[in-house]
Amino acid sequence: RVLFRSGIRFSLYSPDGEGGFPGNIRVITDYRFNEDNELSVRHYAETDCATYINMTNHAYFNLNGAGSGSAM
């Protein structure tokens with residue numbers, strides 16, 4: 001069992017036809033840190049008809065800390 005210290009959840013509702021895609025879609029993304037300060041990112045989606053879903057993460061993290069320059 002993994003215990004999570006902290007995290008945040010983002011959610012989005014996309015109605016049928018938005019962006020040209022069929023079906024209503026509910027999307028959730030969770031960012032969580034466990035007790036070992038490991039980050040997990042989980043994506044969830046639910047739709048009411050067949051449609052394309054391709055969720056990913058494009059975040060960049062500067063692992064050298066704030067003020068140490070660009071994450072690139």
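Contact, in this tour, means heavy atoms within 4.5 Å. The structure in the viewer is a predicted model.

**First stop: Ser14**

Please select Ser14, which lies in strand S1. With neighbours within four places in sequence left aside, Ser14 is in contact with Gly23, Asn24 and Ile25. Is Ser14 buried or exposed? Ser14 has a relative accessibility of 13% and therefore counts as buried, since the cut-off for buried is under 20%. Now add Glu18 to the selection: the side chains of Ser14 and Glu18 are joined by a polar contact of 2.7 Å.

**Second stop: Asn24**

From Ser14, proceed to one of the residues it contacts, Asn24. Asn24 is located in the loop between S1 and S2. Its relative accessible area is 24%, so Asn24 is partly exposed. Display the surroundings of Asn24, omitting residues up to four places away in sequence: Asn24 touches Tyr13, Ser14, Pro15, Asp16, Glu46, Thr47 and Asp48. Among these, Tyr13 deserves a separate view, for a polar contact of 2.8 Å joins its side chain to that of Asn24.

Before leaving, select Asn34 together with Asn24. How far apart are Asn24 and Asn34 in space, C-alpha to C-alpha? The distance is 32 Å, for a separation of 10 residues in sequence.

**Third stop: the salt bridge**

Next, select Arg9 and Asp30. Their side chains meet in a salt bridge, with a distance of 2.6 Å from N to O. This pair links distant parts of the chain: Arg9 belongs to strand S1 and Asp30 to strand S2, and the two are 21 residues apart. The structure holds one salt bridge. Colouring by accessibility brings out the two partners: Arg9, at 53%, counts as exposed, whereas Asp30, with a relative accessible area of 5%, is buried.

**Fourth stop: the aromatic pair**

The count of aromatic pairs comes to one. To see this pair, select Phe10 and Tyr31, whose rings are arranged edge-to-face, 6.1 Å from centre to centre and with 85 degrees between the planes. The arrangement counts as edge-to-face because the angle between the planes is over 60 degrees. Which strands does the aromatic pair link? Phe10 is in strand S1 (residues 4-14) and Tyr31 is in strand S2, so placed that the pair links distant parts of the chain, 21 residues apart. Phe10 is partly exposed at 45% relative accessibility; Tyr31 is partly exposed as well, with a relative accessible area of 22%.

When viewing neighbouring positions along a strand, one general point is useful. In a regular strand, side chains alternate between the two faces of the sheet.

**Fifth stop: from S2 to S3**

Keep Tyr31 selected and add Val41, the residue of S3 that stands opposite Tyr31. Then widen the selection to both strands: S2 and S3 pair in the antiparallel sense, over nine bridges.

**Last stop: Asn37**

Finally, select Asn37, in the loop between strand S2 (25-34) and strand S3 (39-47). The hairpin of S2 and S3 has four residues between the strands. What is notable about the phi of Asn37? It is near 60 degrees, a positive value in a residue other than glycine. Asn37 has a relative accessible area of 47% and is partly exposed, because values between 20% and 50% fall into that class.

How values were computed
Residues numbered from 1 in each chain as written. Predicted model: local features only at pLDDT ≥ 70, side-chain atom pairs only at ≥ 80, totals over all residues. Heavy atoms only, no water. Buried < 20%, exposed > 50% of the residue type's maximum accessible area, 1.4 Å probe, protein only. Phe/Tyr/Trp six-rings, centres within 6.5 Å; stacked < 30°, edge-to-face > 60°. Polar contact = N/O pair within 3.5 Å; in protein donor to acceptor, adjacent residues only side chain to side chain. Pairing = 2+ DSSP bridges. Salt bridge = Lys/Arg side-chain N within 4 Å of Asp/Glu carboxyl O.
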